[in-house]
Structures are given as structure tokens and as C-alpha cells.
Amino acid sequence: MPKVFKLSHIGLGTSDFSKAHDYYVEKVGLTEVERDDTGAAYLSVGMAHHDVVLHPTSGDGNFVNIGYQLNAGTDLAEFAGMMRDAGTKAERKSDAQPGVADLVEVEAPGSQILQFYGAIENPVPGFSRRGIAPLRLGHIATITPDAERLIAFYRDVLGFAVTDWIGDVATFMTCNHEHHVINILNAPVTKIHHIAFQLHENAEHPRCADFLRASGIQTEWGPSRHTAGHNLAAYHYDPDSHLIELYTDMDIYLPELHQFEPRPWHEELPMTPRRWALEQLSAWDVKFQFDLAKG
Ligand SMILES: [Fe+2]
């Protein structure tokens, strides 16, 4: 089985490129590293060539792809073969996009386009001090009517672990020590539910909420502590109506024990993957203003 070790990037389509670009550069604080021939902007949190790629599109804000990094030294031809053996379309692409010399593009269940690569350039543009100025891209929540098959693909073909559920709607999965790098929501639409950036520390939550308010951006929910993952999280919308989560304090997963590292806010010890009820989104009973099932 291949070893995916981290979430690497999210590719987004936007019909109002300049508005989205302004948001991700000036409000989130990412740095543009490169612009390709199609006009796509490659934006970095601070180290890698890109963490977010904005593609100009004619339709509504569309999800383009999710990028994952494989263990260095993974044989991509062999990896592509494994994906095809699993019944998915897989195409090897060399020099197809800036920053990644060699990748395999896979069409996973639910028409989810996933890109896998062993290496990404690290031009190190530095961590900006603009706006939110996150520490890193943390996780993606994606909505698909094909959740069952997509979950099985992540688990059985890519080797991800399931770390929690919320009702029958959300399945949290990881490829490393983080509680989740992908959250798969089962609903009859195909879209990104949210994109999560980790903040440097808990004190960044009020600073970011004040900054967003001063920028005319409403915080929809939080900060509050989730149950699944126990992260302190707050949500707002980007200009293309993708929810953006800002979080800290995510649970640490110990794969060998299939448990989470003990934390003061755990109400169960040992804390192991479990199914939380839909109304248990917040450990503080802060009520969500949006419908998780509908996104
Ligand atoms: Fe999240």
C-alpha cells in the first residue's frame, strides 16, 4: 500500500478571480509564488511552492483538486498502477504544473480529482504577517453523494485511518498523526464544505476574528471547541462561498494505539474514534448557524 503522509494543496476554481485572489493574499495572507499560462495563481503559506491554487473559471466557485504528498522515493509508475488496479483512472503527468515536476492524477469515486506527488518545490517565500497569516493548510471537508465509495477508496486503497464520525454525515480520516486531513460528508451535492487553516496559537483566534470584522467578513460560527477532533474552530466564507475554518488544538492521533493523545478537554479516557451525534458538533454547546448536512 502506498504511504500518503500529508495533505499538500487545494485547487479551487473561481469565476471572480481578482476577488478570490485578494481574499487569499490580503485576508488569509498567502504569498503568490507563480502564475501559469492559464492564469492560475500558486499561493504559499510560507514554505512550499503552493498550498492553494486559484484557477480562473467561468462557472461558480468550483473545486478543482486536492493534492497529497507521498513518501519521498515512491515509484510513481508503480503508484499509478496500484490506482488502476483499484479500478480508478490514473494518469502520470510530468511538468504539467508549476512546482511539481512529476505527479499522478487520480479520479477517485465521486469524481474527486486527487493529485499525488513525492516532491514539491520549496521556494520558501516566508510566512507573511498579513491578515490571518496561518501556520499551515490543515484539512479539507468535501461533500459527495458517493461518500461510501470515496471513504472505502481512502481507507482500502490509500491506507487512511477513520478517526471519528458525526452521525451518518461526516467521516473523519487521516494519513498521519493529525485527527483528520480529510472529512468526507455524505450529501447529495458535490462541493467543498470547508478548507481549514491552522493558526499559530489559540491567541490568534480573537485577533483573526477582529481582523475579519474590520475587513467586513462575518464570522459564521465559533470560536468553539469541536467534539470530533476537539479543535478550537471558527468559520467564515471566502468570496466563492467556501467555508474557511481557522483552528488550533487539533487532537493528535496515535495510529499504533488507534487512540488520541490524552488532552485535558477529553471527557473519555482513553479517547478513541467514536461516532458523535449530529447535535454534538460543539463541546461547548455553541449552536451552528449552518446545516452540516447541506453544507
Ligand atoms: Fe474542519
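## Helix α4, the sheet, the iron site and the cores

In this predicted model, helix α4 (residues 204–214) has the buried residues E204, H205, C208 and L212. Viewed along the axis of α4, these buried residues fall within an arc of 100 degrees, so they line one face of the helix. An α-helix has 3.6 residues a turn, so residues three or four places apart point the same way. On the face of α4 turned away from the buried side are the exposed residues P206, D210, R213 and A214. The cover over the buried residues of α4 includes the strands β14 (221–225), β15 (232–237) and β16. After α4 comes G216, with a positive phi near 80 degrees.

The strands that cover α4 include β14, β15 and β16, and these three also belong to an open sheet of nine strands with mixed pairing. The order across the sheet is β14-β15-β16-β13-β9-β12-β11-β10-β19. Its edge strands, β14 and β19 (275–276), each pair on one side only. Within the sheet, β13 (residues 191–198) pairs with β16 in the parallel sense, over five bridges. F197 stands opposite L246 of β16.

The iron ion has the protein donors H139 (NE2), H194 (NE2) and E245 (OE), which lie 1.9 to 2.2 Å from the ion. Along the chain, these donors follow the spacing H-x54-H-x50-E. H139 lies in strand β9 (residues 136–144) and E245 in strand β16 (residues 243–248), so this pair, 106 residues apart, links distant parts of the chain. Are these two residues buried or exposed? Both are buried, since burial requires under 20% relative accessible area, and the values are as follows.

| Residue | Relative accessible area |
|---|---|
| H139 | 0% |
| E245 | 1% |

In soluble globular proteins, nonpolar side chains tend to be buried together. Here the largest nonpolar core has 55 residues, and those with the most contacts inside it are Y24, Y68, Y154, F160, I182 and I195. Helix α3 (residues 147–157) gives the largest share of this core, six residues. Why does the core lie between two domains? Domain 1 (4–117) and domain 2 (136–280) both contribute residues, so the core lies between them. Leaving aside residues up to four places away in sequence, Y68 touches V4, K6, L7, S8, L114, Q115, F116, Y117, Y154, F160, V181 and I182. A second core, separate from this one, has 22 residues, including I166, L243, F260 and W276.

Technical notes
Residues numbered from 1 in each chain as written. Predicted model: local features only at pLDDT ≥ 70, side-chain atom pairs only at ≥ 80, totals over all residues. Heavy atoms only, no water. Core = buried A, V, L, I, M, F, W, Y, C linked by side-chain atoms within 4.5 Å. Buried < 20%, exposed > 50% of the residue type's maximum accessible area, 1.4 Å probe, protein only. Helix = DSSP H or I, 4+ residues; strand = E, 2+ residues; numbered from the N terminus. Domains from an automatic or database assignment. Contact = heavy atoms within 4.5 Å. Donors = N, O, S within 2.8 Å, 3.2 Å for Na, K, Ca; no water. Arc of directions from axis to C-beta. Pairing = 2+ DSSP bridges.
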